[in-house]
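Reader: I am new to reading protein models. Could you walk me through this one?

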Amino acid sequence: MIRLEHVSKQYGKGKIKALDDLTLHVEKGKVFGFIGPNGAGKTTTIKLLTGILTPTEGKVMIGGQDMVENPLAAKRMIGFVPDSHEMYERLTGLEYLNFMADIYGVDAASRKAHIEKYLALFELEDAAGDQIRSYSRGMKQKLTIIGALIHHPPVWVLDEPMVGLDPKATHLLKEEMRRHCEAGNTVFFSTHVLDVAEKLCDEIAIINKGKLIAEGTLEELRSGEKGASLEQLFLEMTGEAEEATV
Amino acid sequence: MSSFGILMRLQIRNRLAVLRGGGLRGTDGKLKTGKLVGGVFIALAYLMILVMVVGLEFLLFEGLKAIGQPELLLSMALTVVMAGMVFMSFFYVLTSLYYGRDTSFLASLPVTSRTVFGTKLTEILLGETGIASLALLPAIILYGLHVQAGVGYYVSALLVALTSAMIPVAVVTLLATLIVKLTGGSRHRDAVMMIYSVLIMVVVLTVEFSVMGRVPEDAGMAYFVQLMLDRQMLMRQVAQAFPPSWWAMQGLMGNAGSLLGYLTCAMGAYGMVWLLMGGGYLSRTLSLTENTVRRRARKRGEIRPHRPLTTLFLREWREILRTPVYAYNCLTGCIIMPLMLVGMYFGGREAADADSLSVMLVVVQGMLSQVPQAYLFLGLVAVITFVCCINPAVDTAVSREGGRHMLSRMLPVSTRTQLQAKLLMGMTINLISALVGAVMFICMLPSFTPVIVLALLFSQVTNWGLSSFSLALDAARPKFHWRNEMQAIKQNGNIALGMLISFLLLIVPTVAFFLLGGLSLGLRTAAVVGICVLESLIGYVILMRVADTTYARMEDEGA
Ligand SMILES: Nc1ncnc2c1ncn2[C@@H]1O[C@H](COP(=O)(O)OP(=O)(O)O)[C@@H](O)[C@H]1O
Ligand SMILES: [Mg+2]
């Protein structure tokens, strides 16, 4: 569903190498966790996936569509929850959801059903008529999540989605991610909360300093070290990478 | 350093950061030609405005010399600068005092409300003093050269220039604070505030016009005619309308007492406002950040589908209408003309006889009916297009996205459609201004309705062209890195550039019209129309090119 082929990304006319020859394949129906320390290149990868940035080298394919050659078709398959909370603060929550539905061409009946269901689920019904600037960080996050799912995207991409959510909302989100993937869709998310990744993901990739250092199911990553927690693996791998580059 | 000094330094650094932001040399020491060229054009745009001011003052001075009272130039310039500043800086002061994004940050610091207020006020004063001094400079030099003045004159002129913004800033701050207080517990605060602002501006203009046109009672038609004949009287009235300017003028002519009177007046007004308004400033401002509207239940029908272009267009408009800073700055074009008219109407009625106005209109109609309709048509198109030249909404349409530009990039909507939505937004703003202007003209000159309507229709072609050019400019070199909405719309060179390009586009057909003097009027008109259509087409093609190339490949995803 998601294919990154030898993707590199450099910022500032080649001065900052954020990603270096990254190749990733994520299959349909999987929850894919993307983990790495701060500044590893997670957000950069996600921006490439969602067509916000164009790769310096390599190819990004979403559901068979090339992001550079056919961006609109590729973007239509994605629902995206960004990590920043920059939003159209002066729109009301409901106006924002209607906007997203319009942009992704969702018909009136199904958007109504979706909006009502999710506003109730995330307990945002009362605030839906208010301007977004009066929302708390977590409320904004919830609204972005509802907006990203409004067109039932085959690929759901989330950048550090648990940040700012209360435990109940975190639980709901995890359930929603599982449900979305059981319905035959793909979920790709980045995080540095390792237990979440451990419990939720079918597959995991670890990235450090723009390079992919491990990829596979948790079992595969553990190979050799029985019973090791993801945290141990993570610290080991990123630590090693550190020494190797020094 | 005192807390005032520290805060002041922060504000000024923050301001200058925009200039310093990208130095002209990159980190690799190479000269950034794009930046340099942009800067040169921005400087050109400002220079053009300055040249216009100098030209106007020069003409006025020639007139005053002709009637033997050149010294009136000083007082008139001061009055006009002050009156103009009260009118022009109102929205700016209101937004920078009460809609800064840094209020809650400043409120968390261990400084008093009065100190914070003082720094904000001083920052405004510095900016306005610069503008006022520049506007006064030509008058001061013209008169100084004329009378071959000595050092004393220039020293006192410097004092006058440096204090010239104090009275207007004090007045405007007073008015802005009044509005904030008046809208205290209102539910739809932003909307109510905008309505109050417009009302206040009407009152200000009424007062200004009535003071400037103060005329004896029962003067009537005879007085009006005499006024036309005897310009001297009118000049004197304008010059004497505002006592402090009169004192300043006398001060400049050597009367030390008058000069002192003026300086006391200016500094007194400023000091009073500082002392009186400073104490409650932070609590007033913080209360503005609270959301007073809480609509509970969702009404039926609020879930309604639109096409992507429409929904993007609606979003643009909502954004402008609901962000006071944007609304004040983007919609001034739509409200300024009717405001001035209403002010003139009330002010004029206050001052002179209402009959004289209608008499004047009859005279104007008579004069205009002698002129070929083609001239009238072109003149009206030019006037309406001129209003379209200043449209910050379209000049900053892309820049205003700031950190949210990333959200636009991920949408499955072509960059063309996204820019078209913005173009449509800018064009509708211009259309509203044009409509308002046209209705005004029709009310004043009903017998010319067909020409006015025709001009209104055709001006939408030029509107399309100018808006395309300005938007293409902002899409090609947006400024995403703003910290608050004020910066997003005020400290953006694209506004000056957009204006410059618009003026140039307006000048081309005008020059062509005069160059083709030998041809018949019909042909010349056709040529002008053709040039306008061509320019607009080129503008739109460029905009679409930018949408497909620069804008589509933008790497700077904001914040
Ligand atoms: N807009 C940008 N300009 C320059 N460098 C950037 C930009 N965004 C990210 N980087 C750099 O790219 C690297 C990866 O960043 P990012 O993808 O945001 O990391 P993560 O999301 O994993 O924390 C970092 O070194 C960061 O400094
Ligand atoms: Mg990140």
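Reader: Which residue of strand 4 of chain A stands opposite Ile2(A)?

Author: Happy to help! This is a predicted model, where local features need pLDDT of at least 70, side-chain atom pairs count only at pLDDT 80 or more, and totals for chains, interfaces and linings use all residues. Residues are numbered from 1 along each chain as its sequence is written, while chains are lettered from A and ligands numbered from 1 in the order in which they are written. Strand 1 (residues 2-11) of chain A runs antiparallel to strand 4 (residues 57-62) of chain A, and there the residue opposite Ile2(A) is Ile62(A).

Reader: What do "strand" and "pair" stand for here, and how many bridges join strand 4 of chain A to strand 5 of chain A?

Author: Helices (H or I, at least four residues) and strands (E, at least two) are DSSP runs, numbered from the N terminus. Two strands pair if DSSP finds at least two bridges between them. Strand 4 of chain A and strand 5 (residues 65-66) of chain A are antiparallel, and the number of bridges is two.

Reader: Which residue in the turn of that hairpin has a positive phi?

Author: Ile62(A) stands opposite Gln65(A) of strand 5 of chain A. Two residues lie between the strands of this hairpin, and the one in the turn with a positive phi of about 50° is Gly63(A).

Reader: How far apart are the centres of domain 1 of chain A and domain 2 of chain A?

Author: The bounds, from an automatic or database domain assignment, are 2-77 + 153-245 for domain 1 of chain A and 87-152 for domain 2 of chain A. Taken over C-alpha atoms, their centres are separated by 25 Å.
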